[in-house]
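The following report describes a protein model, beginning with where it can be trusted and then turning to its strands, core and aromatic pairs.

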Amino acid sequence: MKKAILLCAVLAAAATAVSAQPIRFGAKFGITMLSTDIKGAQYDGASRMQDEFESKNVGWNLGFFSRIEIPMTAMYVQPELVYNHAAYRLRTGDGSGQTVRYGNIELPVLVGFKILFLRANLGPTFTLATINTSGDYDVKRPDMGYQAGLGLTYFNLTIDVRYHGNFNNKWKFNTISDNIQKLKANEGYWGLSLGYFF
């Protein structure tokens, strides 16, 4: 009898925890501050650094997310599906320049820990596809990166500040015309996003 009562109590507690912490879905929009470190360039077949590389640009992202609370803990898992748009202004040694625009379809999978309204999260980001909107430059996507940040949740609103970086690959910009230009750059960015739970 005591075992039955204890089992019922455990099941009731688990059911209460699950019902109190459901899976939630939402949409988000954010802005990003890009910061790209140039590694090298070739111009007219000669290796040299770019005279100017305007790396700090503002981008934006838009997507959907879900938050899966882990019952009876302060942890959660948050997968997202996000379109991230970025643009760079590149200048070569002869003074000419071009804007490179592209978009990434990304899948971050974050594991978080919360204390009251404050949250901390960390996890990998998988780049599913890259949409290159620039005519002359071929932007090759990284395979995998990471995100880490802090956030606040207040009822249906959620605000996040994160850093996004890449593990072991670089962005590559290539064009073949009268002149051949090549450069490789590590990309990272800070992002601020506002989300709303449905």
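Over residues 176-180 the pLDDT (the predictor's confidence in each residue, from 0 to 100) stays under 50, and for this stretch the model has seven contacts (heavy atoms within 4.5 Å) beyond four places in sequence. The mean pLDDT of the protein chain is 75, with 58% of its residues reaching 70 or more; over residues 1-20 the pLDDT is below 50, and that stretch has three contacts beyond near neighbours in sequence. Where pLDDT is low, the predicted coordinates should not be read in detail.

This is a predicted model, in which local features need pLDDT of at least 70 and side-chain atom pairs count only at pLDDT 80 or more, whereas totals for chains, interfaces and linings use all residues. Residues are numbered from 1 along each chain as its sequence is written, and side-chain values use heavy atoms, with hydrogens and water left out.

**Overall architecture**

The protein chain has one helix and twelve strands, where helices (H or I, at least four residues) and strands (E, at least two) are DSSP runs numbered from the N terminus. Read along the sequence, the helix precedes the strands in the pattern α-β-β-β-β-β-β-β-β-β-β-β-β. Of the contacts with a separation of 6 or more, 64% are between residues 24 or more positions apart. Buried residues (under 20% relative accessible area, with exposed meaning over 50% and partly exposed in between, for a 1.4 Å probe and protein chains only) make up 37% of the 198 residues.

**The S9-S10 hairpin**

Strand S9 (residues 144-154) and strand S10 (residues 157-166) pair in the antiparallel sense over ten bridges, pairing being assigned if DSSP finds at least two bridges between two strands. Within this pair, Gly149 stands opposite Arg162 in S10. The two strands form a hairpin with two residues between them, and Phe155 in the turn has a positive phi of about 55°.

**Core and strand S5**

The largest nonpolar core (a set of buried Ala, Val, Leu, Ile, Met, Phe, Trp, Tyr and Cys residues joined through side-chain atoms within 4.5 Å) has six residues, namely Leu34, Ala86, Tyr88, Val100, Tyr102 and Tyr189. Strand S5 (75-91) and strand S6 (97-115) each supply at least two residues of this core. Leaving aside residues up to four places away in sequence, Tyr189 touches several residues, including Leu34, Glu106, Gln147 and Arg162.

Met75 lies in strand S5 and, at 35% relative accessibility, counts as partly exposed. Met75 and Val111 are 36 residues apart in sequence, yet 7.3 Å apart in space, C-alpha to C-alpha.

**Aromatic pairs**

The structure holds six aromatic pairs, counted where rings of Phe, Tyr and Trp (its six-membered ring) have centres within 6.5 Å, with planes under 30 degrees apart taken as stacked, over 60 as edge-to-face and the rest as tilted. Two of them are set out below.

| Pair | Centre distance | Plane angle | Class |
|---|---|---|---|
| Trp60 and Tyr83 | 5.6 Å | 55° | tilted |
| Tyr154 and Phe155 | 4.6 Å | 85° | edge-to-face |

Because Trp60 lies in strand S4 (residues 58-69) and Tyr83 in strand S5, their pair ties together parts that are 23 residues apart in sequence. Trp60 is partly exposed at 35% relative accessible area, and Tyr83 is likewise partly exposed, at 23%. Tyr154, by contrast, is exposed at 52%, and Phe155 is exposed at 62%. Together with Phe117, Tyr154 and Phe155 form one aromatic cluster.
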